[in-house]
Each structure stands twice: as C-alpha cells, then as structure tokens.
Amino acid sequence: MPRSVPRGVVALLLSCALLLTTAACGDGDAQGTAATPTASAGFERQKLAKARFAANAGLAAGAAYQWIVKPYRAGTFQKGADGRTFALVKAGLAGAFTYNRLKAAVDNAKGDPLLSRAVAPLSAGIESLKDLGTKLRKGEVGDVDVGAFEDVINSVKDAGRSAGAEVVDKVPSTTQLGG
C-alpha cells in the first residue's frame with residue numbers, strides 16, 4: 001500500500017523548487033550578455049529610479065500610518081480594546097511590509113546619484129525596524145517603537161523631497177500586506 005506524502009512536505013518541496021528556479025534566473029550580467037547603456041538609457045533609468053523610490057516609500061509610509069500609527073494613537077493596541085488581536089496582526093504585517101518596501105526604496109535610490117546620497121544615511125534607521133513587525137504581532141509595542149516608525153518614514157520622505165522625488169502616502173490593500 002503506497003504511503004501518501006504529507007501536504008507540508010509537498011509545499012516545502014514546491015517552495016524550494018520555486019526559489020531555486022527564481023535564483024537561477026540571473027540578471028544576465030553573469031553570462032556576459034548585459035547591454036551597453038547609452039546616455040538616454042542612463043537618464044531614463046534614473047527617472048525610473050526616482051519614481052520607483054517614491055512608489056515604494058509611499059507604500060511604506062501609508063502602511064505604517066494606516067495600520068501602526070493610527071491604531072496605536074486610537075488605543076487599539078491596549079489590552080482589552082475591541083479588535084486588538086486583529087489590529088496587532090495587521091500591524092505586524094504592516095511592519096514587515098514597511099520594512100520590505102523601505103529596503104526596496106533604498107535599492108531604487110541607488111539608481112540616482114542625488115537620491116542615493118540623500119538616502120544613504122537612513123540605512124541604519126531602516127535596519128532598526130527589522131524586528132518591529134514581530135514585536136507588533138506579539139503586542140509588545142510602545143511609544144518608542146511607534147515613534148521610530150514615524151521618524152524613519154519622515155526621514156525617508158524628507159530625503160526624497162530633497163532629491164526631487166516627492167513621497168506621497170499610499171495605503172496598500174490588505175492583500176498587498178499579506179502578499
């Protein structure tokens with residue numbers, strides 16, 4: 001009688017296969033097939049870098065405000081508050097999402113020299129947010145933690161503004177948070 005494979009093992013194998021396939025799809029530089037950039041291509045890439053930076057930073061700012069700062073100020077994270085558990089789970093997801101989008105924004109900033117110089121000092125502050133998603137999910141968040149989110153987001157917005165990449169808050173959907 002054949003033995004069935006548990007679903008968890010199948011999911012793990014499929015995930016590993018997907019990761020290996022994605023990792024194998026390099027950017028072409030390793031194979032020597034990269035195109036030679038022209039003056040106009042460099043200019044377009046810089047323009048796209050600013051736009052991508054603004055989009056990623058805007059999503060991070062919107063998620064942090066909508067699902068972390070606003071509920072915290074409303075007292076939703078306090079013990080006994082209505083909807084506390086759900087708010088903490090969303091805040092944890094928003095924290096991880098915010099960290100991810102800020103890291104992507106810093107990577108985008110590397111495509112523009114002015115923006116890169118403006119954002120470079122903020123990397124340490126962004127790294128400090130790495131574990132706040134877990135802290136939020138566990139309900140161990142305080143004024144200092146929420147203030148850290150606000151400070152980093154405002155610093156990224158200011159850096160973008162000084163480099164000509166205006167960052168506007170854009171609240172991501174709940175499916176984007178979990179995706």
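These are my notebook entries on a predicted model of one protein.

**Entry 1: Overall make-up**

I began with the secondary structure. The protein has eight helices and zero strands. Read from the N terminus, the order is α-α-α-α-α-α-α-α. I then looked up burial: 34% of the 179 residues count as buried. For the surface, I noted about 11200 Å² exposed, with carbon and sulfur atoms supplying 58% of that area. I also checked contacts with a separation of 6 or more. Residues 24 or more positions apart account for 78% of them.

**Entry 2: Confidence**

How far does the predictor trust this model? The average pLDDT is 77, and 73% of the residues score at least 70. Which helix has the lowest confidence, and which the highest? Helix 1, residues 7-24, is lowest with a mean of 45. Helix 3 is highest at 91. I also marked residues 12-44, where the pLDDT is below 50. Beyond near neighbours in sequence, that stretch has three contacts in the model. Where pLDDT is low, predicted coordinates should not be read in detail, so I left that stretch alone.

**Entry 3: The core**

I looked up the largest nonpolar core next. It has 39 residues. Phe53, Leu102 and Val156 have the most contacts inside it. Which helices each supply at least two residues of this core? I listed helix 2 (39-74), helix 3, helix 4 (113-119), helix 6 (132-137) and helix 7 (143-162). As a general note, nonpolar side chains in soluble globular proteins tend to be buried together.

**Entry 4: Phe53**

I picked Phe53 out of the core. Phe53 sits in helix 2. Is it buried or exposed? Phe53 is buried, because its relative accessible area is 1% and the cut-off for buried is under 20%. Leaving aside neighbours within four places in sequence, I found Phe53 in contact with Ala105, Asn108, Ala109, Leu115, Val119, Val156, Gly160, Ala165 and Val167. I also took one C-alpha to C-alpha distance. Phe53 and Asp107 are 8.1 Å apart in space and 54 residues apart in sequence.

**Entry 5: Two positions in helix 3**

I turned to Thr98, in helix 3 (residues 84-109). Thr98 counts as buried, because its relative accessibility is 0%. What lies 2.7 Å from a polar atom of the Thr98 side chain? I found the backbone oxygen of Ala94 there. Not counting residues up to four places away in sequence, Thr98 touches Ala60, Ala63, Ala64, Phe149 and Ile153.

Ala91 is in helix 3 too. Ala91 is buried, with a relative accessible area of 0%. With residues up to four places away in sequence left out, Ala91 touches Trp67, Ile68, Phe77 and Leu136. I noted one more pair here: Ala91 and Arg137 are 46 residues apart in sequence, yet 6.6 Å apart in space, C-alpha to C-alpha.

**Entry 6: Aromatic rings**

Phe77 had come up as a contact of Ala91, and I followed it to the rings. How many aromatic pairs are there? The count comes to one aromatic pair. Tyr72 and Phe77 form it, with 6.2 Å centre to centre and 50° between the planes. Why is the pair called tilted? Planes under 30 degrees apart count as stacked and over 60 as edge-to-face, so the 50° of this pair makes it tilted.

I compared how the two partners are covered. Tyr72 is partly exposed, with a relative accessible area of 22%. Phe77 is buried, at 7%. The cut-off for buried is under 20%, and this is why Tyr72 falls outside that class.

Notes. Residues are numbered from 1 along each chain as its sequence is written. This is a predicted model: local features need pLDDT of at least 70, side-chain atom pairs count only at pLDDT 80 or more; totals for chains, interfaces and linings use all residues. Side-chain values use heavy atoms; hydrogens and water are left out. Rings of Phe, Tyr and Trp (its six-membered ring) pair if their centres lie within 6.5 Å; planes under 30 degrees apart count as stacked, over 60 as edge-to-face and the rest as tilted. Buried means under 20% relative accessible area, exposed over 50%, partly exposed in between (1.4 Å probe, protein chains only). Helices (H or I, at least four residues) and strands (E, at least two) are DSSP runs, numbered from the N terminus. A polar contact is a pair of N or O atoms within 3.5 Å; within protein, one must be able to donate a hydrogen and the other to accept it, and residues adjacent in sequence count only if both atoms are side-chain atoms. Contact means heavy atoms within 4.5 Å. Accessible areas come from the Shrake-Rupley method with a 1.4 Å probe; for residues, only the protein chains shown count as cover. A nonpolar core is a set of buried Ala, Val, Leu, Ile, Met, Phe, Trp, Tyr and Cys residues joined through side-chain atoms within 4.5 Å. pLDDT is the predictor's confidence in each residue, from 0 to 100.
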